[in-house]
Amino acid sequence: MRSIPELLRESRVIAVVGLSSDEMRPSYGVARYMQRAGYRIVPVNPNENEVLGEKAYARLEDVPEKIDIVDIFRRSIFVPAIVDSAIRLGAKAIWMQEGVFDEPSAQIAQAAGLDVVMNRCILKDHRAL
């Protein structure tokens, strides 16, 4: 498992599951920060067409490019299905934002070779670098 600094240094594409176009939502502020920091943001939300100038996809399976980090802004109950999709797609890491955690899914992802960060804010960790 890579350290958080390694993970952030070696990643370029972040699929943000649950990214909202509502500028007041935490997902929007975090994704905007990461985009400005040089990451490619891929919005994944069936209720959005475009967020932060990027085409939004209904599901992870619809994203046509390789994903480095799947950043989860959904309630913990949705994590198992998202992790299953991320594994099938060959994502390199799962990042569960603050308040999002699912230990069994984390273990499944790690067993499949994915790096896992749970219950942490990617923006705060990036800023700390």
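Colleague: Let's start with helix α4 in this predicted model. Which residues of helix α4 (residues 103-111) are buried?

Modeller: Buried here means under 20% relative accessible area. In α4, the residues that count as buried are Ser105, Ala106 and Ala109.

Colleague: Where on the helix do the buried residues of α4 lie?

Modeller: Imagine looking straight down the axis of α4. The buried residues fall within an arc of 100°, so they line one face of the helix.

Colleague: And which exposed residues does the face turned away from the buried side of α4 carry?

Modeller: For a residue to be called exposed, its relative accessible area must be over 50%. On the face of α4 turned away from its buried side, the exposed residues are Pro104 and Ala111.

Colleague: What covers the buried residues of α4?

Modeller: Let's look at what packs over that side. The cover includes two strands, β6 (93-96) and β7 (115-117). It also includes a helix, α3.

Colleague: Which residue caps the N-terminal end of α4?

Modeller: Look for a side-chain oxygen beside the backbone nitrogen of Ser105. Such an oxygen lies 2.7 Å from that nitrogen, and it belongs to the capping residue, Asp102.

Colleague: What phi does Gly113 take, just after α4?

Modeller: Move past the end of α4 to Gly113. Its phi is positive, at about 95°.

Colleague: Now the largest pocket, with a volume of about 240 Å³. Which helix gives the most to its lining?

Modeller: The lining has 15 residues, of which 8 are nonpolar, 4 polar and 3 charged. Among those closest to the centre are Val17 and Arg74. The element that gives the most, with 3 residues, is helix α3 (residues 79-89).

Notes: Residues are numbered from 1 along each chain as its sequence is written. This is a predicted model: local features need pLDDT of at least 70, side-chain atom pairs count only at pLDDT 80 or more; totals for chains, interfaces and linings use all residues. Side-chain values use heavy atoms; hydrogens and water are left out. On a 1 Å grid over the protein atoms alone, a cavity is a set of points where a 1.4 Å probe fits but cannot get out, and a pocket is an open set with protein on both sides within 12 Å along at least five of seven lines; lining residues have an atom within 4 Å of a point. Grid points are joined across faces, edges and corners, and a volume is the space filled by probe spheres set on the points. Helices (H or I, at least four residues) and strands (E, at least two) are DSSP runs, numbered from the N terminus. Ala, Val, Leu, Ile, Met, Phe, Trp, Tyr, Cys and Pro count as nonpolar, Asp, Glu, Lys and Arg as charged, and the others, Gly among them, as polar. Buried means under 20% relative accessible area, exposed over 50%, partly exposed in between (1.4 Å probe, protein chains only). The arc is that of the directions from the helix axis to the C-beta atoms. Contact means heavy atoms within 4.5 Å. A polar contact is a pair of N or O atoms within 3.5 Å; within protein, one must be able to donate a hydrogen and the other to accept it, and residues adjacent in sequence count only if both atoms are side-chain atoms.
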